[in-house]
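Here are a few short exercises to work through with the model open beside you. Try each task before you read its solution.

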Amino acid sequence: INGIDLNPSIVLIFCIPFLFLQCSMLGLGFGLFLSSFTTRYRDLNFLGGYINSFWMYCSPVVYPLSVIPDEYHYILSFNPMVGIIELSRHLIFGISSFQIEQLFNGLITTIIFMVVGLLSYNRVEKTFLDTVWNSMETVVKIENLYKEYRLGSIGYATLREDLQRVIAEIQGKPDPNSIIG
């Protein structure tokens with residue numbers, strides 16, 4: 001058989017779960033970031049596919065990192081996928097342009113993506129339903145069918161306390177959870 005000999009690194013095989021963890025954190029952080037803005041700007045849903053394609057071409061998936069001049073390796077090391085792909089090549093084939101700084105710089109970028117994604121999602125989460133609800137078109141409008149219940153007045157505590165609050169409000173009694181003593 002022609003081709004390259006496989007020389008897997010047995011010791012570094014134990015790094016594979018950490019590569020999966022970093023890849024998962026990157027996907028989660030990027031997904032949270034993109035989804036937080038997609039609630040308001042629905043066209044970003046289509047942009048996600050283009051970003052993934054562009055990101056794949058910026059990562060050494062099809063080509064080895066050795067074809068890129070050495071002066072750009074440090075800049076490329078901040079792409080989180082460079083360290084993951086190059087370490088995977090090193091694990092499977094035994095040869096690659098892998099350097100430990102690629103993995104650490106990629107991990108820093110992954111953590112930044114994760115933190116920014118979590119912060120942006122937590123910020124948008126509070127108004128997510130209102131944003132989606134207001135952006136929907138009215139198809140059927142029914143009025144005076146039942147007493148209007150506004151979203152957002154439930155959710156202060158547990159489901160049991162919310163139900164007690166609603167029942168007390170219907171009966172015209174004070175909120176049983178706000179009574180102290």
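Contact here means heavy atoms within 4.5 Å. Keep in mind that this is a predicted model.

**Exercise 1.** Find out how helix 4 is packed: which helices do its buried residues pack against?

*Solution.* Start with the extent of the helix: helix 4 covers residues 80–93, 14 residues in all. From first C-alpha to last, helix 4 reaches 21 Å, close to the expected 20 Å. Next, apply the cut-off for buried, which is under 20% relative accessible area. The residues of helix 4 that pass are P80, M81, V82, G83, I84, I85, E86, L87, R89 and L91. Ten of the 14 residues are buried, so helix 4 is largely enclosed by the rest of the structure. Finally, look for the partners: these buried residues pack against helix 1 (16–38), helix 2 (44–58), helix 3 (73–76) and helix 5 (100–125).

**Exercise 2.** Look just past the end of helix 4: what is the sign of phi at G94?

*Solution.* G94 follows helix 4, and its phi is positive, near 85°.

**Exercise 3.** Compare two residues of helix 5: is N105 buried or exposed, and which nonpolar patch holds I111?

*Solution.* First, place both residues: N105 lies in helix 5, and I111 is found there too. N105 has 9% relative accessibility, so it counts as buried. Leaving aside residues up to four places away in sequence, N105 touches Y74, S77 and F78. I111, in turn, is partly exposed, at 41% relative accessible area. I111 joins I100, F104, L107, V115 and L119 in a nonpolar surface patch, with about 540 Å² of accessible area together.

Terms used:
Residues numbered from 1 in each chain as written. Predicted model: local features only at pLDDT ≥ 70, side-chain atom pairs only at ≥ 80, totals over all residues. Heavy atoms only, no water. Helix = DSSP H or I, 4+ residues; strand = E, 2+ residues; numbered from the N terminus. Expected span 1.5 Å × (residues − 1). Buried < 20%, exposed > 50% of the residue type's maximum accessible area, 1.4 Å probe, protein only. Patch = residues over 30% accessible without salt bridge, like charges linked within 9 Å, V, L, I, M, F, W, Y side chains within 5 Å. Areas by Shrake-Rupley, 256 points an atom, 1.4 Å probe, with all protein chains shown as cover. Salt bridge = Lys/Arg side-chain N within 4 Å of Asp/Glu carboxyl O.
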